[in-house]
Every structure is written in C-alpha cells, then in structure tokens.
Amino acid sequence: MVALHSSIRISDTPHSFQASPAAGLRLTGVEKSFGANRVLRGIDLEIEPGSFVAIIGKSGCGKSTLLRILMGLEEQTGGHIDFVDQSGRAIEPNARIVFQEPRLLPWRTVLENVVVGLGANSGSEGSDLQALQALKAVQLSEKAGDWPSRLSGGQRQRVALARALVSHPGFLTLDEPLGALDALTRISMQQLLGRVWREQGFTAVLVTHDVAEAVYLADRVIVLEEGRIKKDVRVPHPHPRGHGSRDLAEIESELLAAILGRN
Ligand SMILES: Nc1ncnc2c1ncn2[C@@H]1O[C@H](COP(=O)(O)OP(=O)(O)OP(=O)(O)O)[C@@H](O)[C@H]1O
Ligand SMILES: [Mg+2]
C-alpha cells in the first residue's frame, strides 16, 4: 500500500494535516524489460499537477508495470521519471497507491488500518483524528472500531482508499481499485472517488479495464498497447459528470475501438 521511491517519502513532519501539493509527472523514454520481454518500449508522457489520468489497455500490455515503476516498486530499464510542481521544478512527492485488493490487516480495527497509512507518523499525536477524517471522506466513520472481516467488499476498499488518503498525498495511483466490486457498488465508488479527488486536489492516475469508468472520472485517457502509448484522448467535460451521458459514450466508443484495434 505504501511505496517508497528514491524520490518518494512519507512526510516526517509531526502534523501532516496539511495537504501535500499536487505533483505532476514527466516521463521520458521510459522502458522496462523482464529478460527478453520488452514490456514498456519508450513511454513519453506529461501529466499536469491535479489532473485525473486513466490508463487502459489489454491485459498484459504493461499498465501495472508502469504504475509500479512510478511508485518505485519496480525499476525502469531505461528513460527518466520526474515528479514536478506547478512550475515544472522537480519535487519529491507524497505518493500513494491503492491496489485491486484492499490488503487490510485483519488483526487491526478499521481505524488502526487507516493510521498505518501515516507511516512514520502513525504513532504521533493526532493520528487517530487524521484517520477519522480520512474515514469521514470515504463515508465510513461509523465503522472506525470494526474489524475488517465484518465489512463488505466495497467498504473494505473504502478503508484502503482512506489509508492512502490519510497522509494527504499529492499523487495517488490506483491499480484497478474497483475491479472486484459488483456493478452498483462500483458506480457509487466511482462517484466517491471523483468527489474525493475534487475535494482534495491530488493528481490521480487510475488503471482500469472499464472504459466507461475511465471516461467518467478522467480528464485524459491513455491507451497502452504493446508497451507504447497508442492513443491519448482528452475528456473535456466538467466534473462531476453523469453516468451514461451521450457525450461520454462517444469518447468511450472511440477508446474501445482503439483497444480492440479498429483504429
Ligand atoms: N515481475 C515480473 N517478472 C517478469 N515478468 C513480469 C513481471 N511483472 C510483469 N511481467 C510481465 O510484464 C507484462 C505486463 O504485465 P502487467 O502486469 O504490467 O500487465 P497489465 O497491463 O497490468 O495486465 P492486467 O490488465 O492483466 O493487469 C506481462 O507480460 C507480464 O508477464
Ligand atoms: Mg495489471
């Protein structure tokens, strides 16, 4: 859940109530090979601080590998990665990741699981209050004292999101965070994620298999194919958006055609 990049650290200030500034990203010629398998073959990408970017593409095209490299969980075999501030200067972001499975500690309460997201600050004064605020943001305050085993799948994933949010990250990556949820829970989680992003202002990079989810949430959708960016599509509609709107449906079919190789 918590990743440490050479350029990523958990803030060690005693009170991290303050939000970290949104971090932008600049990738230049990023490559990754596993032996002879060239998974990423030269990714050039700039992401604006505070924007919401979705990454889609067929299974095995390198989406998770790219996220893992951004989080420092994997090292690229070529190219450069820079996190930048509003004026383009290189910064060390407060970056967090949410995975498809919530990865909660079963022997800790919901609140304690969220406190874990504070890392080195987890024992500090005010950490419970911060965790409660994060639980409130995901509408789960009333479950603070419960065990994870007593929660539904959607609620567990909201705890995982709260754990990622508790340190007020400037950069949040999400690797199919809603992939295991039923369709209705998924829609309400998409609304929640969109709201939290608008309220907190971090930069979001979401990997998803769901093209409708990508166009509902993102300002920009990147299609990966065989380790390269095949398409980079803007979604120029204001947030919050309605599910199933006609304008979004057009962008969705353009993206589906790109994934399926029809353009
Ligand atoms: N640690 C690893 N060692 C060797 N090969 C790996 C490793 N991690 C990923 N790969 C390979 O890299 C390629 C891309 O994997 P990745 O997990 O990034 O795909 P993905 O786009 O996230 O797929 P999915 O949509 O199924 O999650 C695959 O061919 C995979 O076998
Ligand atoms: Mg993956």
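1. A good place to start is Ser-167, whose side chain makes a polar contact with the side chain of Arg-96 at 3.3 Å. A polar contact here is a pair of N or O atoms within 3.5 Å; within protein, one must be able to donate a hydrogen and the other to accept it, and residues adjacent in sequence count only if both atoms are side-chain atoms.

2. Before going on, note that this is a predicted model, where local features need pLDDT of at least 70, side-chain atom pairs count only at pLDDT 80 or more, and totals for chains, interfaces and linings use all residues. Residues are numbered from 1 along each chain as its sequence is written, chains are lettered from A and ligands numbered from 1 in the order in which they are written, and side-chain values use heavy atoms, with hydrogens and water left out.

3. Is Ser-167 buried or exposed? Its relative accessible area is 6%, so Ser-167 counts as buried (under 20%, with a 1.4 Å probe and protein chains only). You will find Ser-167 in the loop between α4 (153-165) and β6 (171-175); helices (H or I, at least four residues) and strands (E, at least two) are DSSP runs, numbered from the N terminus.

4. Now turn to ligand 1. Oxygen atoms of ligand 1 lie 2.8 Å from a polar backbone atom of Gly-60, 3.2 Å from a backbone N or O atom of Cys-61, and 2.7 Å from an N or O atom in the Lys-63 side chain.

5. Which element gives the largest share of the shell around ligand 1? That is α1, with three residues.

Notes. Buried means under 20% relative accessible area, exposed over 50%, partly exposed in between (1.4 Å probe, protein chains only).
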